[in-house]
Amino acid sequence: MKKGTKIALWISIPLVLAVGFAGPRLGLFGNGKVTEEKGAATAGAPATAQASQAAAPGQGQRGTQGGAVLPVSGQIAKASYLSNGIRSAGSLLANEEVDIVSKVSGKVTGVFFREGSVVRKGDLMVKIYDEDLQAQLRRSQIQEKMLSEKLERQRVLLSKDAVSRESFDQLQTDYNVILADINLLKVRIAETEVRAPFDGMIGFRYVSEGTYVQPSVKIAHLTDNSQLKLEFGIAEKYISQPLTNKKVSFTVPGYTDEFFAQVYAIDYRVDEATRTIGVRARTDNRDGRLVPGMFAEITLITDERENAILVPTEAVVPDMNEKRVWILRGGKALLTPVTSGNRTQNMIEILSGISVGDTVITSGLMQLRPNMAVRVNITD
């Protein structure tokens, strides 16, 4: 074989193989193109059917532009009351309380109160035996009457110089002494009557008729619960702050309500064991719901606002050095940056970024995308 023929074969064989391999893919042959188009059509038919079947159930979830509508929950941003302060714990104390005792020793002749009842200031509670004092008083009153009549006669005689001035002055002194004795006996008789020193509620009684009491014997315990004192401690670092007249919010076991008190006294002496200063506040308790000795969880309010915007904690999305919130705008989700403030147990204050009346999205946040159509279920 000639050398030129060999060269032509070496060049033509690879060229034929390349054309035969790439021709159908490049559409150089008509039959290959038709076959590919038929194959593509055949392969696309099931996909189209599947797409149609998948689209059928979701036809009610599509928006006007054909995008899926994501169901989410949300809340309307409202102006709320928010307070910030110093947290502590304390106890409720009676406004006034005292152990009822007798000033004198003697036998109880009468008990005039009912346990657990309300008494008024001056009400007679217990009577102590006083017959001996009453007898002395009657004798002194008789003597006073006799001396009074004799003194009047002596005054007439003195005006006529029938008696000496010395005799009249001695009689006047005797009369004044008997008057003092009468007043003393009346005081001692009054001390046998144990009366309520102020309005309040009486507790259990510890004496009965016939009991011999002494000044050290407790008769009952009286408390004034119309107002209660709230006593607690705060860290010494707050000693420079103006705390008097500050509002205090507190809760107690047994009630879900929040109660309020007002600071009226500060004990500016640091407890060396706890490094705290004592604070007392006063709360109105005329409804009688609270009782002395209750434990209280306290917030001494240092800052409060009536128109704060609060959103649930889960609605705030942290993003690098800022926080964002999804809100509803024209039926679509919008991610807007916000500035947060104080935080409560499950709410966050929003200082800027949203306004009162905005709908804040609180669920489905991971599936949301900007401008995605959403259907919001408003919750409280």
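Strands are taken here as DSSP runs of E of at least two residues, numbered from the N terminus. The description below concerns a predicted model.

In this model, Arg 275 lies in the loop between β11 (259-271) and β12 (276-284). The two strands form a hairpin with four residues between them, and within it Arg 275 takes a positive phi near 55 degrees. This positive value occurs in a residue other than glycine. With a relative accessibility of 41%, Arg 275 counts as partly exposed, because this class lies between the limits of 20% for buried and 50% for exposed residues. Strands β11 and β12 run antiparallel and are joined by six bridges. Within this pairing, Val 263 of β11 has Ala 281 in β12 as its bridge partner.

On β11 there is a further pairing, with strand β10 (residues 247-251), in the antiparallel sense and over four bridges. Here the bridge partner of Phe 250 is Phe 259 in β11. These two residues also meet through their side chains. The ring centres of Phe 250 and Phe 259 are 5.7 Å apart and the planes lie at 25 degrees, so the pair is stacked, the limit for this class being under 30 degrees. Phe 250 is buried, with a relative accessible area of 1%, and Phe 259 is likewise buried, at 11%.

Phe 259 takes part in another aromatic contact, with Tyr 255, and this pair is edge-to-face, at 5.8 Å centre to centre and 80 degrees between the planes. Tyr 255 counts as partly exposed, with a relative accessibility of 29%, whereas Phe 259 is buried. Ring pairs thus link Phe 250, Tyr 255 and Phe 259 into a cluster. The structure holds two aromatic pairs.

Contacts between charged groups and rings involve residues of the same strands. The charged end of Lys 247 sits over the ring of Phe 260, at 5.6 Å from the ring centre; Lys 247 opens the residue range of β10 (247-251), and Phe 260 falls within the range of β11 (259-271). For Arg 282, the charged end sits over the ring of Tyr 264, at 4.0 Å from the centre. Arg 282 falls within the range of β12 (276-284), and Tyr 264 within that of β11 (259-271).

Antiparallel pairing is also found around strand β17 (residues 347-352), which is joined by four bridges to strand β13 (residues 295-312). In this pairing, Ile 309 has Ile 350 of β17 as its bridge partner. Strand β17 also runs antiparallel to strand β16 (residues 332-343), with three bridges joining the two. Arg 343 stands opposite Ile 348 in β17. The connection from β16 to β17 is a hairpin of three residues.

A separate description applies to an open sheet of four strands, which has the order β6-β5-β3-β8 and antiparallel pairing. Its edge strands are β6 (193-195) and β8 (212-213), each of which pairs on one side only. Strand β5 (residues 124-128) pairs with β6 in the antiparallel sense over three bridges. Among the residues involved, Leu 124 has Arg 195 in β6 as its bridge partner.

Two helices were also examined as a pair. The axes of helix α3 (residues 131-159) and helix α4 (residues 165-190) come within 9 Å and cross at roughly 155 degrees. This angle makes α3 roughly antiparallel to α4, since angles over 145 degrees are assigned to that class. The crossing of α3 and α4 is left-handed.

The loop between α3 and α4 contains Asp 161. Phi of Asp 161 is near 60 degrees, a positive value in a residue other than glycine. Asp 161 is exposed, with a relative accessible area of 70%, whereas Arg 275, which also has a positive phi, counts as partly exposed at 41%.

Terms used
Residues are numbered from 1 along each chain as its sequence is written. Side-chain values use heavy atoms; hydrogens and water are left out. Rings of Phe, Tyr and Trp (its six-membered ring) pair if their centres lie within 6.5 Å; planes under 30 degrees apart count as stacked, over 60 as edge-to-face and the rest as tilted. Buried means under 20% relative accessible area, exposed over 50%, partly exposed in between (1.4 Å probe, protein chains only). A charge sits over a ring if NZ of Lys or CZ of Arg is within 6 Å of the ring centre and within 35 degrees of the ring normal. Two strands pair if DSSP finds at least two bridges between them. Axes are lines fitted to C-alpha atoms, for helices over the stretch in contact, and angles run from 0 to 180 degrees between N-to-C directions. Angles under 35 degrees count as roughly parallel, over 145 as roughly antiparallel, 65 to 115 as roughly perpendicular and the rest as oblique. A crossing is left-handed if the near helix is turned anticlockwise from the far one by less than a right angle, and right-handed if clockwise.
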